[in-house]
Amino acid sequence: MSFTKPIGVAYLDQDIDGGIIGATNPQAIKGTIIYATTQLGYTNGSYGTVTQLNNKATGVTINNTCGTITTANAQMAPGALVAFIVTNNKVSSLDTVIVNIASGASAAFAYLAAVVSVQDGAFTINLTNQSSNAYTDILKINFSILHVQPA
């Protein structure tokens, strides 16, 4: 196995399968290459799903560390922006929430999804129809919470 591209203290290597990697003392692993042998991500039971009711501005509740939010099929006008709250007892204000649109868009690049605030017990997603067309798409928005352990 060869190292293909340096990226700081480790190397990008297509042979890495994944794995849960962490350290309580980052100085102890400085300069060490960590090879994972299992999938990166969350354990079974961490994933959940929820479906929005009414419209794309309707809040949802999903108490999982990761999952999929299925939006309502309400129409979004060209250039429209909606925000909805995701109530989630797994998130704290120190965490980072990642979102992406997994599927459902009628046109490529029609929508943008972004987390605009994180607080204890909830985060807010802004969804924008950045196209010049009105759509009634049912979007699948994936999310993952990256937990921070305060010092």
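**Note on an all-strand predicted model**

1. Buried residues make up 31% of the 151 residues in the protein. The model under discussion is predicted, and the points below should be read with that in mind. The accessible surface of the protein comes to about 9100 Å², and carbon and sulfur atoms account for 53% of that surface.

2. The secondary structure consists of 10 strands, with zero helices. Along the sequence the pattern is accordingly β-β-β-β-β-β-β-β-β-β. Among contacts with a separation of 6 or more, 59% join residues that are 24 or more positions apart.

3. One open sheet contains four strands in the order β3-β5-β10-β7, and its pairing is mixed. Its edge strands are β3 and β7, each of which pairs on one side only. On average, neighbouring strands of this sheet are turned by 20° against each other, direction ignored. Within the sheet, β7 and β10 run antiparallel and are joined by seven bridges. A residue-level example is V97, which stands opposite I145 in β10.

4. Another open sheet of four strands has the order β4-β6-β9-β8, again with mixed pairing. Here β4 and β8 are the edge strands, each pairing on one side only. The strands β6 and β9 pair in the antiparallel sense over seven bridges. T87 has A122, in β9, as its bridge partner.

5. Which residues touch the most other members of the largest nonpolar core? They are I69, V86, I125 and I141, in a core of 21 residues. The elements that give two or more residues to this core are β6, β7, β9 (122-129) and β10 (140-146). In soluble globular proteins, nonpolar side chains tend to be buried together.

6. I125 deserves a separate remark. Leaving aside neighbours within four places in sequence, I125 is in contact with I69, V82, A83, F84, V86, V99, A113, A114, V115 and I141. For a reader inspecting the model, this list offers a convenient way into the core.

7. Is N88 buried or exposed? N88 lies in the loop between β6 (81-87) and β7 (96-103). Its relative accessibility is 0%, and N88 therefore counts as buried, the limit being under 20%. A polar atom of the N88 side chain lies 2.8 Å from the backbone oxygen of N64. Apart from neighbours within four places in sequence, N88 is in contact with I62, N63, N64, G121, A122, F123, F143 and I145. Two of these residues have already appeared in the bridge pairs: A122 as the partner of T87, and I145 opposite V97.

8. Q52 is found in the loop between β3 and β4. At 4% relative accessibility, Q52 is below the 20% limit and so counts as buried. Which backbone atoms are within reach of its side chain? The side chain of Q52 reaches the backbone oxygen of K56 at 3.0 Å. A polar atom of the same side chain lies 3.1 Å from the backbone nitrogen of A72. Not counting residues up to four places away in sequence, Q52 touches A57, T58, V60, T70, T71, A72 and F84. F84 is also among the contacts of I125.

9. N54 is likewise placed in the loop between β3 (47-51) and β4 (60-61). Whereas Q52 is buried, N54 is exposed, with a relative accessible area of 67%. The phi angle of N54 is near 70°, a positive value in a residue other than glycine.

10. A positive phi also occurs at F109, with a value of about 65°, although F109 is not a glycine. F109 is found in the loop between β7 and β8 (111-119). What is the relative accessible area of F109? The value is 72%, and because the limit for an exposed residue is over 50%, F109 counts as exposed.

11. In summary, the model has 10 strands and zero helices, with open four-strand sheets in the orders β3-β5-β10-β7 and β4-β6-β9-β8. The largest nonpolar core holds 21 residues. Among the loop residues discussed, N88 and Q52 are buried, whereas N54 and F109 are exposed.

Notes:
Residues are numbered from 1 along each chain as its sequence is written. This is a predicted model: local features need pLDDT of at least 70, side-chain atom pairs count only at pLDDT 80 or more; totals for chains, interfaces and linings use all residues. Side-chain values use heavy atoms; hydrogens and water are left out. Buried means under 20% relative accessible area, exposed over 50%, partly exposed in between (1.4 Å probe, protein chains only). A polar contact is a pair of N or O atoms within 3.5 Å; within protein, one must be able to donate a hydrogen and the other to accept it, and residues adjacent in sequence count only if both atoms are side-chain atoms. Contact means heavy atoms within 4.5 Å. A nonpolar core is a set of buried Ala, Val, Leu, Ile, Met, Phe, Trp, Tyr and Cys residues joined through side-chain atoms within 4.5 Å. Accessible areas come from the Shrake-Rupley method with a 1.4 Å probe; for residues, only the protein chains shown count as cover. Two strands pair if DSSP finds at least two bridges between them. Axes are lines fitted to C-alpha atoms, for helices over the stretch in contact, and angles run from 0 to 180 degrees between N-to-C directions.
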